[in-house]
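User: I would like to learn how to read the features of a structural model, beginning with the way two parts of a chain meet. Could you take me through it step by step?

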Amino acid sequence: MAQSLELLLIQFLMPDNDARRQAEEQIKRLSKDPAVVPALVHHLRTAKTPNVRQLAAVLLRKKITGHWAKLSPSLKLSVKQALIDSITLEHSPLVRRASANVVSIIAKYAVPAGEWPELLPFLFQCSQSSQEDHREVALILFSSLTETIGPTFQSHLEDLQPILLKCLQDETSTRVRVAALKAVGSFIEFINDGANVVKLFRDFIPSVLNVSRQCLANGEEDVASIAFEIFDELIESPAPLLGDSVRSIVQFSLEVCSSNNLDLNIRHQAIQIISWLAKFKASFLKKHKLVVPILQVMCPLLTETADGDDDSDLAADRAAAEVIDTMAINIPKQVFPPIFEFASLNFHHTNPKFREASVTSLGVVSEGCFEMLKEKLEHVLHIVLGALKDQEQMVRGAASFALGQFAEHLQPEILSHYESVLPCILNALEDPSDEVKEKSYYALAAFCEDMEEEILPYLDALMGRLIISLQNSPRNLQETCMSAIGSVASAAEEAFIPYAEKVLDLMKIFMVLTNDEDLRARARATELVGIVAMAVGRTRMEPILPPFIEAALAGFALDFSELREYTHGFFSNMAEILDDGFTQYLHHVVPLVFTSCNLDDGSAVDIDDSDSVDNGFGGVSSDEDTNDEPRVRNISVRTGVLDEKAAATQAIGLFALHTKSSYAPYMEESLRILVRHAGYFHEDVRLQAIIALKHILTAIRSIPMGHNGVSEKQRDVLDTVMNIYINTMTEDDDKEVVAQACMGMADIMKECGYMVIESYIPRIAEATLTLLREESSCQQVESDCDADDGDVDHDEVLMDAVSDLLPAFAKAMGSHFEPVFAKLFDPLMKFAKVPHPSQDRTMVVACLAEVAQEMGAPISTYVDRVMPLILKELGSSEATNRRNAAFCVGEFCKNGGAATLKYYGDILRTLYPLFSDSEADDAVCDNAAGAVARMIMVQPQSIPLNQVLPVLLKALPLKEDFEESMTVYSCICHLILSSNSIIPLVPEVVNIFAQVIASPVEREEVKNRIGMAVSHLISVYGNQMQPVMAALAPAHANALAAYLSKR
């Protein structure tokens, strides 16, 4: 075989494709025989040309796995010796490296089996050789062996560390330093968190930094770049490898990223390290006081606008903005002050790049620092709106971007500034720069989305401008213009009707475009029709829908994922407005949704096979080498398909929710898809699956029980949904997905009741306990920081959703919830303690209030432990906290029985300021009134009514929280029927009652209760009531008289 194989190897390297193909086929055939191993080893050592020797090594690496076990001990020994000889005696670096790769593969099997005890001693000896080639190849082998026998090195690390340190400092050889850097990086994956090992690894960092600095000084940027790859691994390692070296790493990274003379690639790597630290080790940046030094470099980098020829993805200004954004999200309190200072100092700078950077920085931090920005909103709006009028286009563009960010992240506070913001955006829509216009459309869309009647005075001006732009602008502006029109329509609702016909006529034009470059505009138009339909309602839309439905369905024939995504959204909206009327379209749209859900993700796996591909030997890998276990280096996914899957998954849920029993034929396949998507790798799809599962459950529960097998099917679906939700609560790593599972679970418990969910309660309670203890997968933050600064960092939306589970338990279980609540109480109360913020305290108080409301008498056990918190929260500086505390104290008094009596004096004294003119929040006063009413109803003898009632009546009628109406007015009605203490106050009471009767927002049941009380007063006091009625305002008197006449 050896002779024929040599000819084939030579033939394979010929430029003639036919000859090469023939050789490849012959090599494949010969490779099935174990005798190919000694033949390849022979050519590896004896072939005259390095190319043939290298090819022999590459083939040997691919074939050795399948044949190694079949070789005799003596042949194995000769193979190993030949490879050692190749590594030490071979002159070609490429052949040495290819031989090293073969050694790595053999070691995977031979070292654990004890068949190669001399390998590691040989490598240690080689790494200390006086010959540069030997030192380099030993280090290369160390790196390669970590992929196959990495754990073996853990016990040798103390011996290996000084060798690697010495090689890192090898001033005679760049190649050795590079190989040492790579070897250090390759060991990180296998380091455990033992104290000795961690210290050994931390000792590498100063040398890595020194080598990198030397390399940068010598122009060897490619070597320095390896250091950043190592730092990247250190940051992501679960072992605490950084230690105090984080300060040195940050300092070096800042030096590199701020050096204009260095290549963009390495500067970008340096900035990326800062970004990773901000994302994964934010506590380190706080502990070592590195936030300000980082921002002192990043903010000026925002002024470094990329040249037209530069890769914008590597541009320093964009990368710096990403770092600032990441830091703002993870450590907002530390980031905002220096950013605010930078913006305030530079928004009048003579250099327009600094003016641009000042407003850009404010826009970039708006997501993370939203709370601090809201407090400074007047000032930052002054900066941004001023920049919107700047003479330089770049500044105006940055201002419109920042305004869009504010509109998106500073809700609802920013809406109160609409009188100053909207006119500025309208002016910006006339800007000569298309870039400024495009960003202004984005700002307009974000700003208007959450407006309500405030938009009405601007509607004509806005729609006039937008419709003109839609007809006369280039495609990219038309797309953002459609997005803005959609937001305006959502805000205006029925007030949009006068503009709907014109907009829909224009959309017909866009929805039949078929050229590739126009499909994005068609997608936006399809989305906009759905939004307009939602705004104007079913009555107006249903008669004119057919051509839009037809155009939307036709779009699926075009191969454009974004169009399919927006069309699924369109049909979701149609299902919502048509409700059961959407049933007629199910047979068209459901198969299309299923097709999108079952699409291939487009994952692209990049296999690291450098020794074959890079050297032109790709053909030899075409046969199946299933045991070769190549490294997966990168996985990329087409995000368009992800978005399409998410939209289709959402559509399944909405179709089921609105067509209910009519969706039954599609239920089984839908459930199969949703179960699969609930475990999908991307959180956007999982989120929509979790939401849709609840809709599927609602739909199947709506099917009448008389249908065959319905009861069993309902149980099966419930079981599937409950199991997925419980698992998601503790195992999913995305907080938004977990929050949605908690919300879905709470809804199911409240809707289905105790009997249906009884068997799941222990598991739901355990999952809730895990979340309250912050021990679920989504609450784990990798950090090797030993000490923090006391800040508490968790997701408010997640914990609000978790806290909603407790009232849901209580509603489903009533007083039987107490044993479960006993286990959850202490973990819940932890959120009310220092250093938790005020939002956490009010979350706890609101949760306790609702639990008391639903659980009833057993809450008395907790009165003494909870009342100090409630009383303290009644005096909070935050209106939301005072409001929740007022509601809570009322529910505890109502349900806590005698245990609350000793607190009545303190409660009344603490509630009193909430009735005064100094209380600016109407809802707080309304809830205080509700609390007093509950106290009077359960313990009237404990209330000094002659002092309390005048204060209570002065706060009426209720002004904002009308959920308290029945409680408050029922209390007064009860007093009218049972207590003389209210008689002197009857004129005031009747005046209040008349206003309630005249109110368009009060419920009929409340008015009916009041009507009964007024009728009672008239029947008892007769003529004495006439002057009382006569003293009423005419409108109120007429309303009351009209209501009483109907009784």
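Analyst: The size of an interface is often given as the accessible area lost when the parts come together. In this predicted model, domain 1 and domain 2 bury about 1700 Å² between them, with 74% of that area on carbon and sulfur atoms. Leu-953, Met-966 and Ile-976 supply 32% of the area that domain 1 buries against domain 2, which is more than any other three residues give.

User: Where does the protein chain place these domains, and how many residues of each are in contact?

Analyst: Domain 1 covers 856–981 and domain 2 covers 983–1046, and their centres, taken over C-alpha atoms, are separated by 24 Å. At the interface, 20 residues of domain 1 are in contact with 19 residues of domain 2.

User: How many salt bridges and how many residue pairs in polar contact does the rule find across the interface of domain 1 and domain 2?

Analyst: The rule finds 0 salt bridges across the interface of domain 1 and domain 2, whereas it finds 2 residue pairs in polar contact, both at pLDDT 80 or more. On the side of domain 1 that touches domain 2, the elements giving two or more residues are α49 (945–954) and α50 (965–978), and the largest share of that side, 9 residues, comes from α50.

User: Let us turn to a single helix. How many of the residues of α27 are buried?

Analyst: A residue counts as buried when its relative accessible area is under 20%. By that cut-off 14 of the 18 residues of α27 are buried, so the helix is largely enclosed by the rest of the structure. Helix α27 spans residues 475–492 and reaches 25 Å from its first C-alpha to its last, close to the 26 Å expected at 1.5 Å a residue. After α27 comes Glu-493, whose phi is positive, near 55 degrees.

User: What about the loop between α26 and α27, where Ser-473 is found: is Ser-473 buried or exposed?

Analyst: Ser-473 has a relative accessibility of 18%, and therefore counts as buried. Its place is in the loop that runs between α26 (459–472) and α27. A polar atom of the side chain of Ser-473 lies 2.7 Å from the backbone oxygen of Ser-469.

User: Which residues is Ser-473 in contact with, leaving aside its neighbours within four places in sequence?

Analyst: With those neighbours left aside, Ser-473 is in contact with Tyr-441 and Gln-478, and Gln-478 belongs to α27, the helix of residues 475–492.

Notes
Residues numbered from 1 in each chain as written. Predicted model: local features only at pLDDT ≥ 70, side-chain atom pairs only at ≥ 80, totals over all residues. Heavy atoms only, no water. Helix = DSSP H or I, 4+ residues; strand = E, 2+ residues; numbered from the N terminus. Expected span 1.5 Å × (residues − 1). Buried < 20%, exposed > 50% of the residue type's maximum accessible area, 1.4 Å probe, protein only. Domains from an automatic or database assignment. Contact = heavy atoms within 4.5 Å. Buried area = accessible area lost by both parts, 1.4 Å probe. Salt bridge = Lys/Arg side-chain N within 4 Å of Asp/Glu carboxyl O. Polar contact = N/O pair within 3.5 Å; in protein donor to acceptor, adjacent residues only side chain to side chain.
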